[in-house]
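Please look over this note with the model open beside you. The points are short and can be taken in any order.

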Amino acid sequence: MRADLLGDGGYAGAVARLFDSVTPENELKWEVTESQPGHFDFASADRVVGFARRHGLSVRGHVLVWQNQLPAWVADGSLGRDALVAAMRRHIRALVGRYRGRIAEWDVVNEALAEDGGPRRTVFYDTIGPRYLEMAFRIAHRADPGARLVYNDYGVEGLGPKGDALFALVRRLVRDRVPIDAVGLQGHLTTAPVPGLAAQLRRLAALGVDVELTELDVRLPDAAGADALAAQAAAYARVVGACRAVARCRRVTFWGLDDADSFIDSAYPGYGRATLLDGDLRPKPAYRAVLAALRGR
Ligand code: G3I
C-alpha cells in the first residue's frame, strides 16, 4: 500500500476492509529511509505501519537489500567492500530494529538472480561478492530473531532457468543454515498459465521453507476487450488455487490495490487493468475469482 494515498478515504477504507496484511510499496526502500548515510527518515513508513496497527493488519517489510531505489551514495559504487558491508549492516539493523514487534516479516534480499539464472551483477555482488546475500540474512536475524526472513524474486514462479536457479539458491542457503524462513515469488504475471507453478511451490516447500506470492498482479493488453477480464480472473484463480494446494504456501499479497494506483501502466506501456479492483474501486471478476479460490470453490 502507499502512504501518499492514505488520505483517500475510499483507498484506505478498501485496504482495511478487504485485507489482513499490507506491504508498503516504496516507503521502506533504501532511497526513502536512508537517503544520506546514517540519516534515517521513517515518516512515510510510520504512516503505513500506524495505519496497519489501527486496523489490525500485519505488515510485510519490503525491502532491505535491493539494487533499485538505492540512494546515489550506495548505488554509485564508491564504497569499498568493508564500507558497503558496514552500510548494509547499519541499514538492516536500523529498519529491522525500529519495527521489531511491529513488522514480523521482511524481504531481506530482492531480485539477486539475473534472467539467465546467474547471479545479478549489482553493487552488492560486485563490491562484496556472492556472500553479501547470506550476510544480509544473518544481520537481519540478529536484529530481530523473531522476524520471518524472506528471499523475494520475480520470473521464478515456475520451472525454467531462473526458477531452477532460485531452487538451487534456496537449497544452498538452507544447507548452509542461513536463517531464511520463506521464499517470495513476486507474481507479476500475464494471463498465460505459468508452466510448473505447482511443482515449483512443492519443491521449494520440500526444502523446509514457507513459500508465498508476494506481489501478484495479472496485466492485460489495453486493446483487449471486456472478455479479457474473465481470462484475468481465471489466471488469478489458478495462482491462488496453486498456493492453497501447498500447506507451506502461507500467503498471497497483491501489488497495488486498484487499477488507478497500480505501477503496471507506467512499467508496461500498453498494459494495465492488472489488479483486483477497477479504477473506481469496484470489484472486478478477478476479485470474485480470488475469493472463491481462497474458499476452495
Ligand atoms: O517519489 C517520486 C516522486 O517524488 C516523483 O515526483 C515521481 C516522478 O516520477 O516519482 C516518484 O517516485 C516513483 C516511486 O515509484 C514512488 O511512486 C518512481 O519514479 C517510480 O520508479 C517508483 O516505482 C516503483 C518501482 O518499484 C521502482 O522500482 C513502483 O511504485 C513499485 O510498485 C515497484 O515495486 C517493485 C517492487 O519493489 C519489487 N518487485 C518489482 C516491483 C515492480 O517493479
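The numbered points below cover the ligand site, the salt bridges and two helix residues.

1. Status of the model. This is a predicted model. Please read every distance and area below with that in mind.

2. Ligand shell. Which residues come nearest to the ligand? They are Glu25, Lys29, His62, Glu215 and Trp255, out of 13 residues around the ligand. By class, the shell holds 3 nonpolar, 6 polar and 4 charged residues.

3. Polar contacts to the ligand. Three side chains are worth displaying here. Glu25 has a side-chain N or O atom 2.5 Å from an oxygen atom of the ligand. For Lys29, the distance from a side-chain N or O atom to a ligand oxygen is 2.6 Å. For Gln69, the matching distance is 3.2 Å. As for cover, the ligand taken alone exposes 790 Å². The protein buries 46% of that area.

4. Salt bridges overall. How many salt bridges does a search of the whole structure find? The count is 27. As background, side chains of opposite charge can pair when their charged atoms come close. Three of these pairs follow, each with its burial.

5. Arg120 and Glu115. Their side chains meet in a salt bridge, at 3.5 Å from N to O. Is Arg120 buried or exposed? Arg120 counts as buried, because its relative accessibility is 17% and the cut-off for buried is under 20%. Glu115 has 48% relative accessibility, so Glu115 counts as partly exposed.

6. Arg121 and Asp126. This pair also forms a side-chain salt bridge, with an N to O distance of 2.6 Å. Arg121 has a relative accessible area of 62% and is therefore exposed, since exposed means over 50%. Asp126 is at 45% relative accessibility, so Asp126 counts as partly exposed.

7. Asp153 and Lys162. Here the side chains meet in a salt bridge at 3.7 Å, N to O. Asp153 is buried, with a relative accessible area of 0%. Lys162 counts as buried too, at 4% relative accessibility. Elsewhere, salt bridges that share partners join a set of residues into one network. Its members are Arg60, Glu105, Asp107, Arg148, Asp210, Glu212, Arg248, Arg250 and Arg251.

8. Phe167. Where is Phe167 found? Phe167 sits in helix H8, which runs over residues 161-175. Its relative accessible area is 15%, so Phe167 is buried. What does Phe167 touch, once neighbours within four places in sequence are left aside? Its contacts are Gln200, Arg203, Leu204 and Leu207. Val96 makes a useful reference point: Phe167 and Val96 are 71 residues apart in sequence. In space, their C-alpha atoms are 26 Å apart.

9. Glu134. Glu134 belongs to helix H7, residues 132-143. Is this glutamate, Glu134, buried or exposed? At 10% relative accessibility, Glu134 counts as buried, because buried means under 20%. Leaving aside neighbours within four places in sequence, Glu134 is in contact with Arg172, Leu173 and Val178.

10. Suggested reading order. Start at the ligand, with Glu25 and Lys29 among the nearest residues. Then turn to the Asp153 and Lys162 salt bridge. Finish with Phe167 in helix H8 and Glu134 in helix H7.

Methods:
Residues are numbered from 1 along each chain as its sequence is written. This is a predicted model: local features need pLDDT of at least 70, side-chain atom pairs count only at pLDDT 80 or more; totals for chains, interfaces and linings use all residues. Side-chain values use heavy atoms; hydrogens and water are left out. Helices (H or I, at least four residues) and strands (E, at least two) are DSSP runs, numbered from the N terminus. Buried means under 20% relative accessible area, exposed over 50%, partly exposed in between (1.4 Å probe, protein chains only). Contact means heavy atoms within 4.5 Å. A salt bridge is a side-chain nitrogen of Lys or Arg within 4 Å of a carboxyl oxygen of Asp or Glu. A residue is near a molecule or strand if one of its heavy atoms lies within 4 Å of it. A polar contact is a pair of N or O atoms within 3.5 Å; within protein, one must be able to donate a hydrogen and the other to accept it, and residues adjacent in sequence count only if both atoms are side-chain atoms. Accessible areas come from the Shrake-Rupley method with a 1.4 Å probe; for residues, only the protein chains shown count as cover. Ala, Val, Leu, Ile, Met, Phe, Trp, Tyr, Cys and Pro count as nonpolar, Asp, Glu, Lys and Arg as charged, and the others, Gly among them, as polar.
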